[in-house]
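Welcome, and thanks for opening your viewer! Let's take a walk through a protein chain together, one selection after another.

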Amino acid sequence: MTHRRTLSIAATIAASLLLATLASNPRAQPPNGTHAAVDREVRSLKAAYLRCERAATERLLGMGEAANCSVIYEELLRVGFGGDFKRLLAWWHAERVAEARGERIATP
């Protein structure tokens, strides 16, 4: 394992600890709104998650960026997939397959 990869793993662990703290904050809950507003939020989270995922495959993320990406992941998991990791993983896999085929990603 390379030194950069080890640092990336350490950053991910640190970000996960940060997320545990954020998750216990009741203000971190999504605002009440219409179904359309939630759909827009989920689309935005999906797009941000994919940007993070691409960046992480291209380079080592800084601590702040890794923490931000971890927050995005947790929100997407909670808001977009109701906490169901398997559903999030299936969506992510479908996005990766579509991207590999040169198809337009479903999220903006």
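Before we select anything, here is a word we will need: a residue is buried if its relative accessible area is under 20%, exposed if over 50%, and partly exposed in between, using a 1.4 Å probe and protein chains only. What you see is a predicted model, in which local features need pLDDT of at least 70 and side-chain atom pairs count only at pLDDT 80 or more, while totals for chains, interfaces and linings use all residues. Residues are numbered from 1 along each chain as its sequence is written, and side-chain values use heavy atoms, with hydrogens and water left out.

**Stop 1: the whole chain**

Show everything as a cartoon. The protein chain has four helices and zero strands, where helices (H or I, at least four residues) and strands (E, at least two) are DSSP runs numbered from the N terminus. Read from the N terminus, the order of elements is α-α-α-α. Of the 108 residues in the chain, 30% are buried. Contact, here and later, means heavy atoms within 4.5 Å. Among contacts with a separation of 6 or more, 66% join residues 24 or more positions apart.

**Stop 2: helix α2**

Now select residues 35-58, which form helix α2. The expected span of a helix is 1.5 Å times one less than its number of residues. For the 24 residues of α2 that gives 34 Å, and the end C-alpha atoms are 35 Å apart, which agrees. Buried residues of α2 include V42, L45, A48 and C52. What covers them? Part of the cover for the buried residues of α2 comes from α3 and α4.

Pick L50, which is in α2. Is L50 buried or exposed? L50 counts as buried because its relative accessibility is 5%. Try a distance from there: L50 and I72 are 22 residues apart in sequence, and their C-alpha atoms are 10.0 Å apart in space.

**Stop 3: where α2 meets α4**

Add residues 85-100, helix α4, to your selection; α2 and α4 pack at about 65°, with axes 12 Å apart. Axes are lines fitted to C-alpha atoms, for helices over the stretch in contact, and angles run from 0 to 180 degrees between N-to-C directions. That makes the two helices, α2 and α4, roughly perpendicular (angles under 35 degrees count as roughly parallel, over 145 as roughly antiparallel, 65 to 115 as roughly perpendicular and the rest as oblique). Show side chains for the contact: K46, Y49, L50, E53 and R54 from α2, with L88, W91, W92, E95, R96 and E99 from α4.

**Stop 4: helix α3**

Select residues 63-81 for helix α3, whose 19 residues should span 27 Å; the end C-alpha atoms are 26 Å apart, which agrees. Its buried residues include A66, C69, I72 and F81. Just after α3 comes G82, with a positive phi near 55°.

**Stop 5: where α3 meets α4**

Keep α3 and bring back α4: they pack at about 105°, with axes 9 Å apart. These two helices, α3 and α4, are therefore roughly perpendicular to each other. From α3, Y73, L76, L77, G80 and F81 meet F85, R87, L88 and W91 of α4.

End on F85, in α4. F85 is partly exposed, because its relative accessible area is 42%. Which residues does F85 contact, leaving aside its neighbours within four places in sequence? Look for Y73 and L77.
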